[in-house]
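I opened this entry to record what I looked up, item by item. The notes follow the order of my reading.

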Amino acid sequence: MIGGVASFPLPIAAMQEKDWADFEDFLINTERFLKRKFGKAFVNMAVHLDERHPHIHFYCIPESGEGLFTLIGLHPGITAKERAGKAVKGGSKELTKKRNEAYVEAMRKFQDDFFREVSSHSGMQ
């Protein structure tokens, strides 16, 4: 299972009417983003107003026709890391380095995509 949190940058105590409208956009765009990224594996998103900043928790469960769960193909970092491991020939240090670089790059892309598709449309810069 993948679980994650996406937080709105303004504290609840400081939010004005326009900010709440931006937060609504944030929620809609976040759900759209997660459905696009994770497809049927995206199962739940819950809004939390219990901390300083409003945020959501989300959950994805990978599908497997064999009754097994795997994050490969679902989690962008793990998927990139596994692909890099198959592509690299060489010693364990080189393999570890390439796998870690692939993981970091995939997660950076995921965050950049989130900003472009969600945050930039929700009053965030």
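**After the first helix**

I began where α1 ends: Gly39 follows α1 and has a positive phi, near 60°. I note here that the model is a predicted one.

**Helix α1**

I checked the length of α1, which covers residues 17-38. Its 22 residues should span 32 Å at 1.5 Å a residue, and the end C-alpha atoms are 32 Å apart, so the two values agree.

Which residues of α1 are buried? I listed Asp19, Asp22, Phe23, Phe26, Leu27, Asn29, Thr30, Phe33, Leu34 and Phe38. I kept a general rule beside this list: an α-helix has 3.6 residues a turn, so residues three or four places apart point the same way.

**Helix α3**

I did the same for α3, residues 92-117. This helix has 26 residues and reaches 37 Å from its first C-alpha to its last, close to the expected 38 Å. I found Ala102, Ala106, Phe110, Asp113 and Phe114 to be its buried residues.

**Leu49**

Where does Leu49 sit? I placed Leu49 in the loop that lies between β2 (42-48) and β3 (55-60).

I then looked up how far Leu49 is covered. Its relative accessibility is 49%, and partly exposed means a value between 20% and 50%, so Leu49 counts as partly exposed.

What does Leu49 touch, leaving aside its neighbours within four places in sequence? I wrote down Ile12, Trp20, Phe23 and Pro54. Of these contacts, Phe23 was already in my notes as a buried residue of α1.

I also took one distance to α3. Leu49 and Phe110 are 61 residues apart in sequence, and their C-alpha atoms are 25 Å apart in space. Phe110 is among the buried residues of α3.

**The whole chain**

I stepped back to the full protein chain. I counted three helices and three strands, and along the sequence they follow the pattern β-α-β-β-α-α.

I looked up the overall dimensions next. The C-alpha atoms fill a box of roughly 55 × 35 × 25 Å along the principal axes. The radius of gyration is 17 Å, whereas a compact globule of 125 residues would have one near 14 Å.

Of the 125 residues, 33% count as buried. The chain exposes about 8,100 Å², and carbon and sulfur atoms supply 54% of that area.

Among contacts with a separation of 6 or more, I found that 54% join residues 24 or more positions apart.

My last item was charge. The chain has 18 positive and 17 negative side chains, and the centres of the two sets lie 10 Å apart.

Terms used: Residues numbered from 1 in each chain as written. Predicted model: local features only at pLDDT ≥ 70, side-chain atom pairs only at ≥ 80, totals over all residues. Heavy atoms only, no water. Helix = DSSP H or I, 4+ residues; strand = E, 2+ residues; numbered from the N terminus. Rg over C-alpha atoms; globule rule 2.2 N^0.38 Å. Buried < 20%, exposed > 50% of the residue type's maximum accessible area, 1.4 Å probe, protein only. Contact = heavy atoms within 4.5 Å. Areas by Shrake-Rupley, 256 points an atom, 1.4 Å probe, with all protein chains shown as cover. Lys, Arg positive; Asp, Glu negative; His and termini not counted. Charge placed at Lys NZ, Arg CZ, Asp CG, Glu CD. Expected span 1.5 Å × (residues − 1).
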